Structures are given as C-alpha cells and as structure tokens.
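Here is my note on the model you sent over. Have a look at the fold first, and then we can go through the helices one by one.

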Amino acid sequence: AFGHALEAADLQARDLQEEARRIEEQRLEIEARESALPCLERAWDAAVKAGVRTQGAGSNKAAMLLENAQDQLSQELLNDRVFMHRLERLILSVLSGPLEEK
C-alpha cells in the first residue's frame, strides 16, 4: 500500500513538473508575441508611408505594399533585441522538451 502511494505521488510530481514546463513555455510564447506587436506596428507604418510614395495602381500597388511590409517586418523583428531575446528563450524552452526524471 505504501509503495502504491509512493508511486502515485511520484507520478503526480512528474505530471506537475510537466504542467509547470508547459505553462512556462506558454508564458514565454506570450512574451515573444507581445514584443513582436510594436515591431509589426512600426513595420506597417513604414510600409504604408513607402506605399503612398509608390507609383502604380490596383493589385500592382497592393503587391508592392505587401512586399514592402514583409521586408520591413523582417528588419524590425531581426533588429529588435527584446524580441530576439524572448524568441531565443522560447526556442530554448521548446527544445529542452519535457523535464527529465532526476
């Protein structure tokens, strides 16, 4: 009986550790997403300003605006130290996987 209780407690402890790891990973993901939002806003503003100056009409201008927005967003994200730090922490957390038994 004591052995079963000990096994159950050990299993519950592992489950709690795994749940804590999942919650931490979710927290890191939310932080990365939050830090990406200002980058997205800056990139969109820059793309729109550049798009206003772009010659062309209709779908051609829309395609150019989209391409410019993609370029701006890539630059903003890659140059934002807070975002890159949070992204690195998230990646390391994901790669570490489930907590191993000690």
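Contact, as used below, means heavy atoms within 4.5 Å. This is a predicted model, where local features need pLDDT of at least 70, side-chain atom pairs count only at pLDDT 80 or more, and totals for chains, interfaces and linings use all residues. Residues are numbered from 1 along each chain as its sequence is written, and side-chain values use heavy atoms, with hydrogens and water left out.

1. Let us start with helix H1, which covers residues 2-53. Helices here (H or I, at least four residues) are DSSP runs, numbered from the N terminus. The expected span is 1.5 Å times one less than the number of residues. For the 52 residues of H1 that gives 76 Å, and the end C-alpha atoms are 77 Å apart, which agrees.

2. Which residues of H1 are buried? Among them are Glu18, Arg21, Leu28, Glu31, Ser35, Cys39 and Gly51. Buried means under 20% relative accessible area, exposed over 50%, and partly exposed in between, with a 1.4 Å probe and protein chains only. The buried residues of H1 pack against helix H2 (58-79) and helix H3 (81-96).

3. Now for how H1 meets H2. Their axes come within 8 Å and cross at roughly 145°; axes are lines fitted to C-alpha atoms, for helices over the stretch in contact, and angles run from 0 to 180 degrees between N-to-C directions. The crossing of H1 and H2 is right-handed, the term for a near helix turned clockwise from the far one by less than a right angle. On the H1 side the contact includes Ala36, Cys39, Leu40, Trp44 and Val48, and on the H2 side Lys61, Leu65, Asn68 and Leu73. By type, the residues of this contact divide into 14 nonpolar, three polar and three charged. In that count Ala, Val, Leu, Ile, Met, Phe, Trp, Tyr, Cys and Pro are nonpolar, Asp, Glu, Lys and Arg are charged, and the others, Gly among them, are polar.

4. H2 also has the expected length: its 22 residues should span 32 Å, and its end C-alpha atoms are 32 Å apart. Asn68, Ala69, Gln72 and Leu77 are the buried residues of H2. Seen down the axis, they fall within an arc of 160°, so they line one face of the helix; the arc is that of the directions from the helix axis to the C-beta atoms. These residues pack against H1 and H3. Ser59, Leu66 and Leu78 are exposed on the face turned away from the buried side of H2.

5. H3 has 16 residues, which should span 22 Å, in agreement with the 22 Å between its end C-alpha atoms. Its buried residues are Phe83, Leu90 and Ser93. They cover an arc of only 95° around the axis, which puts them on the same side of H3. What covers them includes H1 and H2. On the other side of H3, Arg81, Leu92 and Leu95 are exposed.

6. Two residues of H1 deserve a look. Leucine 28 counts as buried at 5% relative accessibility. Not counting residues up to four places away in sequence, leucine 28 touches Arg89, Leu90 and Ser93. Serine 35 is also in helix H1 and is buried, with a relative accessible area of 7%. With that same sequence cut-off, serine 35 touches Val82, Phe83 and Arg86.

Definitions and conventions: Helices (H or I, at least four residues) and strands (E, at least two) are DSSP runs, numbered from the N terminus.
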